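Good morning, colleagues. Please keep the sequence and the structure in view while I speak.

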Amino acid sequence: MSPFQVQFSSFRYLDLIFRLCYNQRIYVFEEDDMSEIIAVVNQKGGVGKTTTAINVAACLAAAGHRTLLIDADSQGNSSSGLGISKQNLKENFYHFLMHGLPWSQVIMEGPLPDLYLMPANRDLLPVNHELRATANWETHLKKLLEEKLPAGEFNFVIIDSPPNLDTLSINIMAAANRLLIPTLPEYLSLEGLADLVDTYRRIREKINPKLSILGVLITKHLTTHRLSREVTQNLRENMGSLVFETVIPQNVRVAEAPSHCLPIIMYDPKSSGALSYQAVTREILSRCGQKEHELEIK
Ligand SMILES: Nc1ncnc2c1ncn2[C@@H]1O[C@H](COP(=O)(O)OP(=O)(O)OP(=O)(O)O)[C@@H](O)[C@H]1O
Ligand SMILES: [Mg+2]
């Protein structure tokens, strides 16, 4: 029986996560001329992956970093959230991934000068099955990005992942050099986090030794709710600086922004959501900018 099948009481999961994070240390390396490839991952649905991918990508672009947002989810929420009509998409991430279409033929301009989007739609649905049929399927996306995306073309590549740990999700983690993990401040989310960190550890050991955890981002936080405060405090006690200082509040303006096809910094720049996404982007830049930085876990 895997340790994750054992029923633990709430915060015992944090203990597991703590032990899984490599001798209590996560190393972050920077390589010259390489894009930072940040996968926004969590197999749990509705935790704010797409919202985080869109808004962090937009904040990076607003700060002058050439940024490509890859929508790697058949739901195509990152695409529709930036105003792309999914139904009419003839060429998209699926065709880049499985048919070898050049990246330049698949990307679109976003609502900010340095923001680009590789959109997705239901075409991606058979991708897990199709990827399994390719040689070295785990590193299929990694090889494509290395071979087809010119070094230095983008400062940041942000990948919005689907809510599972299936073949495509493993490909995404194998292609990334950092994981950004949004999580809800709820007990059930902790259980999912333990599974995710376990998968991360296995991918790092077997496929992608350069992979590190950029940080865990608490989303839809409600300061007035005791549960939000308790889970946040316990995550911080157990995962230390792996948890971003910034928390993203539950903010209706953040939820409204996609229906206006805009990131929150354009839809309502003064909202608490916009300010929080700017703050966490500053933390991300700081974590990425360090040459060799040791993030300690308490
Ligand atoms: N900070 C926030 N405040 C209010 N609503 C939010 C916030 N973040 C996300 N939401 C809303 O929560 C819902 C789920 O968010 P999102 O789509 O980003 O999650 P997800 O993890 O990408 O979901 P999936 O797993 O289905 O891909 C959406 O309706 C989104 O608008
Ligand atoms: Mg999503």
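Isoleucine 38 has arginine 178 as its bridge partner in strand E7. This is a predicted model, and I shall begin with the strand that carries isoleucine 38. Strands E2 and E7, the latter spanning residues 178-183, run parallel and are joined by three bridges. E2 is also joined to strand E6, residues 156-160, by five bridges, and these two strands likewise run parallel. There, alanine 39 stands opposite isoleucine 159 of E6.

Is E2 enclosed or open to its surroundings? Five of the five residues of E2, residues 36-40, are buried, so the strand is largely enclosed by the rest of the structure. In a regular strand, side chains alternate between the two faces of the sheet. In E2, Glu36, Ile38 and Val40 point one way, while Ile37 and Ala39 point the other way; all are buried.

Let me now turn to the sheet as a whole. It is an open sheet of seven strands, in the order E4-E5-E3-E6-E2-E7-E8, with mixed pairing. Strands E4 (108-109) and E8 (212-218) stand at the edges with a single partner strand each, so one side of each has no neighbour in the sheet. E8 pairs with E7 in the parallel sense over six bridges. Within that pairing, isoleucine 181 has valine 216 in E8 as its bridge partner.

Next, the nonpolar core. In soluble globular proteins, nonpolar side chains tend to be buried together. The largest nonpolar core here has 80 residues, and those touching the most other members are Ala57, Phe93, Ile158, Ile172, Met173, Ala176 and Leu179. Helix H2, residues 49-62, supplies the largest share of this core, with eight residues.

Which residues are in contact with phenylalanine 93, leaving aside its neighbours within four places in sequence? They are Ile70, Asp71, Ala72, Val106, Met118, Pro119, Ala120 and Leu124.

Finally, I come to helix H10, residues 226-239. Its 14 residues reach 20 Å from the first C-alpha to the last, close to the 20 Å expected at 1.5 Å a residue. The buried residues of H10 are Ser228, Val231, Leu235, Asn238 and Met239. These residues cover an arc of only 115° around the axis, which means that they lie on the same side of H10. Arg226 and Gln233, on the other side of H10, are exposed. After H10 comes glycine 240, with a positive phi near 50°.

Conventions
Residues numbered from 1 in each chain as written. Chains lettered and ligands numbered in written order. Predicted model: local features only at pLDDT ≥ 70, side-chain atom pairs only at ≥ 80, totals over all residues. Buried ≥ 20, exposed ≤ 12 C-beta atoms within 10 Å, placed from the backbone. Helix = DSSP H or I, 4+ residues; strand = E, 2+ residues; numbered from the N terminus. Pairing = 2+ DSSP bridges. Expected span 1.5 Å × (residues − 1). Arc of directions from axis to C-beta. Core = buried A, V, L, I, M, F, W, Y, C linked by C-beta atoms within 7 Å. Contact = placed C-beta atoms within 7 Å.
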